[in-house]
Amino acid sequence: MKHQIAIGVDVGGSHITSAAVDLDERKIIPGSIFTNKVDNKASQVSIFKEWSNVINQTTKHTASPDQTRIGFAMPGPFNYKKGVGLFIGNNQKYESLYGLSISEELSKYLNADKVDFRFLNDATAFGVGVASMGKAKDFSKVVAITLGTGFGSAFIQDGVPQVTADNVPKGGFMWDKPYKLGLGDDYFSTRWCIKRYKEISGVATNGVKEIAEANNDSSKKVFIEFGTNMAEFMLPFLIKYQPDLIILGGNVSKANKLFLPALKNKIKDAGLYVDFEISDVLEEAAIIGSAKLYDSDFWEQVRNTIY
């Protein structure tokens with residue numbers, strides 16, 4: 001029997017990765033995964049060329065390159081229903097794509113006669129992926145968190161993202177919700193860690209790994225503050241949703257031993273008992289989650305909640 005194949009694409013703040021996905025097996029087809037770095041402050045032409053270079057390598061592994069179906073895991077702000085970038089005032093990320101139809105413009109660079117696009121928030125795609133093939137697949141109510149260039153989140157129930165339910169925040173995500181002097185995205189990301197470490201220590205660093213490896217009083221203070229703040233910010237949403245599992249992914253999550261104890265303790269002190277997992281897959285999960293938009297049963301469950 002011929003298997004259904006779709007391409008899953010994960011667009012990050014500084015990279016793009018694509019792969020062909022066997023939708024029946026929910027697995028990436030061996031040899032079809034390609035990745036490359038992307039300058040998110042570059043021109044639209046430069047960005048589309050970088051994206052297409054990666055995707056065109058993957059399309060060679062699809063059964064029908066003239067009927068290419070591409071699911072995109074995209075960071076916000078983004079109009080997922082229309083496939084239009086709204087990247088303005090968001091740390092200057094992909095601002096050259098503001099107001100553009102990704103479907104129309106990117107198609108010009110792809111080696112395929114007919115391309116169909118569907119879009120999903122990148123953290124949501126990660127949550128859908130880990131609920132399909134990762135550590136979250138045995139849990140009903142899951143909160144998926146991605147910590148990296150930005151702060152992503154998704155509320156997943158029985159494998160389906162919750163966007164309009166009464167027990168989840170507006171849009172089904174938390175990055176744009178107010179916290180202290182800004183938004184959640186301002187506090188739970190690489191840039192906050194770099195900024196806060198310099199404030200405390202006076203030392204400039206390039207990333208979270210460097211701060212973690214410093215292993216000094218300043219770095220310990222940064223991570224304890226990070227975990228405590230994160231718990232404080234998320235608690236109202238978690239209490240309302242009552243998840244069975246919180247699963248973390250992204251580069252910042254690799255430093256989980258330094259911030260997770262503070263996060264867990266504050267949540268436990270609030271009377272909420274929930275399991276935690278650190279995902280060993282991120283891009284792969286987001287790729288499978290975005291490609292799943294072409295699973296007909298899944299699509300029927302989510303198509304009217306994507307906006």
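Which residue forms a salt bridge with Glu 300? In this predicted model, the partner is Arg 303, and the closest N and O atoms of the pair are 3.0 Å apart. Arg 303 itself is partly exposed, at a relative accessible area of 35%. This pair belongs to a wider set, since the count of salt bridges comes to 10.

Another of these bridges sits in helix 5. Here Arg 196 pairs with Glu 199, again with the closest N and O atoms 3.0 Å apart. The two residues are three places apart in helix 5, so about one helical turn separates them. Glu 199 counts as partly exposed, with a relative accessibility of 46%. The pair does not stand alone: salt bridges with shared partners tie Lys 195, Arg 196, Glu 199 and Glu 225 into one network.

A further bridge joins sequence neighbours. Lys 177 reaches Asp 176 with the closest N and O atoms 2.7 Å apart. As for accessibility, Lys 177 comes out as buried at 12%, whereas Asp 176 is partly exposed at 29%. The cut-off for buried is under 20% relative accessible area, so the 12% of Lys 177 puts this residue on the buried side.

Back to helix 5, this time for its packing. Helix 5 (residues 190–201) packs on helix 7 (residues 217–241) at an angle of about 135°, and the two axes lie 9 Å apart. That angle makes helix 5 oblique to helix 7. The crossing of the two helices is right-handed. From helix 5, the contact draws on Trp 192, Cys 193, Arg 196, Tyr 197, Ile 200 and Ser 201. Helix 7 supplies Ser 218, Ser 219, Lys 221, Val 222, Glu 225, Phe 226 and Asn 229. Sorted by character, the residues of this contact come to six nonpolar, four polar and three charged. Arg 196 and Glu 225 are thus listed in the helix contact, and both also appear in the salt-bridge network.

Helix 9 (residues 283–291) is a story of burial. Seven of its nine residues are buried, so the helix is largely enclosed by the rest of the structure. The buried residues are Ala 285, Ala 286, Ile 287, Ile 288, Gly 289, Ser 290 and Ala 291. What do they pack against? The list of strands has strand 1 (5–11), strand 2 (15–22), strand 3 (27–28), strand 5 (68–74) and strand 8 (115–121), and helix 3 (122–133) joins them.

Helix 3 also holds Ala 123. This residue is buried, with a relative accessible area of 0%. Setting aside neighbours within four places in sequence, Ala 123 is in contact with Thr 146, Gly 152, Ser 153 and Ala 154. Asp 10 is 113 residues away from Ala 123 in sequence, yet their C-alpha atoms are 10.0 Å apart in space.

Finally, there is a charged residue in helix 2. Is Glu 105 buried or exposed? Glu 105, which has its place in helix 2 (residues 102–107), is buried, with a relative accessible area of 18%. Apart from residues up to four places away in sequence, Glu 105 touches Phe 48 and Leu 100.

Note on methods. Residues numbered from 1 in each chain as written. Predicted model: local features only at pLDDT ≥ 70, side-chain atom pairs only at ≥ 80, totals over all residues. Heavy atoms only, no water. Buried < 20%, exposed > 50% of the residue type's maximum accessible area, 1.4 Å probe, protein only. Helix = DSSP H or I, 4+ residues; strand = E, 2+ residues; numbered from the N terminus. Contact = heavy atoms within 4.5 Å. Axes fitted to C-alpha atoms, helices over the stretch in contact; angles between N-to-C directions. Parallel < 35°, antiparallel > 145°, perpendicular 65-115°, else oblique. Left-handed = near helix turned anticlockwise from the far one by under 90°. Nonpolar A, V, L, I, M, F, W, Y, C, P; charged D, E, K, R; others polar. Salt bridge = Lys/Arg side-chain N within 4 Å of Asp/Glu carboxyl O.
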